[in-house]
Amino acid sequence: MKPTISDVGGVVVKSNDTYEVKDNTHLNNLVISSTRLYPGKRTTGHTHPGQEEVYIFVEGEGQIKIEEAKWPVKAGDIKLIEDGEFHQVINDGDKDMYFVCVFDGKRTHK
């Protein structure tokens, strides 16, 4: 399967009433991950010591919290997460949010 922005491929690594997360680990050094975050839900928020991430928002709108600051996000927005920064995505809308993130290495949520 050829990955696309609307389906990165890979396997489901988390699925519950908050979101579905899929990771494509086809590459040796990078992971491309997608999250479908359901309306009124938020990710738990976490850090990745030693990792940077790029978040690409594809569908819906909401907010992203990085450290103590919050920014509105919508389809087409990109946010850069620096090494070790706390980050959390909040879907305060009434439709699913779908975003893709790219990071180096394996998952290291703290």
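Note to self before I start: I call a residue buried when its relative accessible area is under 20%. I'm also keeping in mind that this is a predicted model.

**Entry 1: the aromatic rings**

I looked up Y55 and F57 to begin with, and both turn out to be buried. I then went through the ring pairs and found three aromatic pairs in the structure. One of them is Y55 with F57, a tilted pair with 6.2 Å from centre to centre and 35° between the planes.

Next I checked F57 against F99. Their ring centres are 5.5 Å apart and the planes sit at 40°, so I logged this pair as tilted. Here the pair links distant parts of the chain, since F57 belongs to strand β4 and F99 to strand β9, 42 residues apart. I wrote Y55, F57 and F99 down as one aromatic cluster.

How buried is F57? I read 1% relative accessibility for F57, and the cut-off is under 20%, so F57 counts as buried. F99 comes out at 2%, so I put F99 down as buried by that cut-off too.

**Entry 2: the core**

Which residues have the most contacts inside the largest nonpolar core? I got L37, Y55, F57, I64, V89, M97 and F99, in a core of 15 residues. I then asked which elements give two or more residues to this core, and the list is β2, β3 (30-37), β4 (53-59), β5 (61-66) and β9 (97-104). The largest share comes from β9, with four residues.

I picked I64 for a closer look. Skipping its neighbours within four places in sequence, I found I64 in contact with Y55 and F57 from the aromatic cluster. Its other contacts on that count are A69, K70, W71, V73, K79, I81, Q88 and V89.

**Entry 3: K79 and W71**

Two of the I64 contacts, K79 and W71, got their own check. The charged end of K79 sits over the W71 ring, and I noted 4.2 Å to the ring centre.

**Entry 4: D23**

Last stop was D23, which I found in strand β2 (residues 19-24). Is D23 buried or exposed? Its relative accessible area is 7%, which is under the 20% cut-off, so D23 goes down as buried. What does its side chain touch? I found a polar contact of 2.7 Å between the side chains of D23 and S33. I also noted that β2, the strand holding D23, is among the elements that give two or more residues to the largest nonpolar core.

Key. Residues are numbered from 1 along each chain as its sequence is written. This is a predicted model: local features need pLDDT of at least 70, side-chain atom pairs count only at pLDDT 80 or more; totals for chains, interfaces and linings use all residues. Side-chain values use heavy atoms; hydrogens and water are left out. Buried means under 20% relative accessible area, exposed over 50%, partly exposed in between (1.4 Å probe, protein chains only). A polar contact is a pair of N or O atoms within 3.5 Å; within protein, one must be able to donate a hydrogen and the other to accept it, and residues adjacent in sequence count only if both atoms are side-chain atoms. A nonpolar core is a set of buried Ala, Val, Leu, Ile, Met, Phe, Trp, Tyr and Cys residues joined through side-chain atoms within 4.5 Å. Contact means heavy atoms within 4.5 Å. Rings of Phe, Tyr and Trp (its six-membered ring) pair if their centres lie within 6.5 Å; planes under 30 degrees apart count as stacked, over 60 as edge-to-face and the rest as tilted. A charge sits over a ring if NZ of Lys or CZ of Arg is within 6 Å of the ring centre and within 35 degrees of the ring normal.
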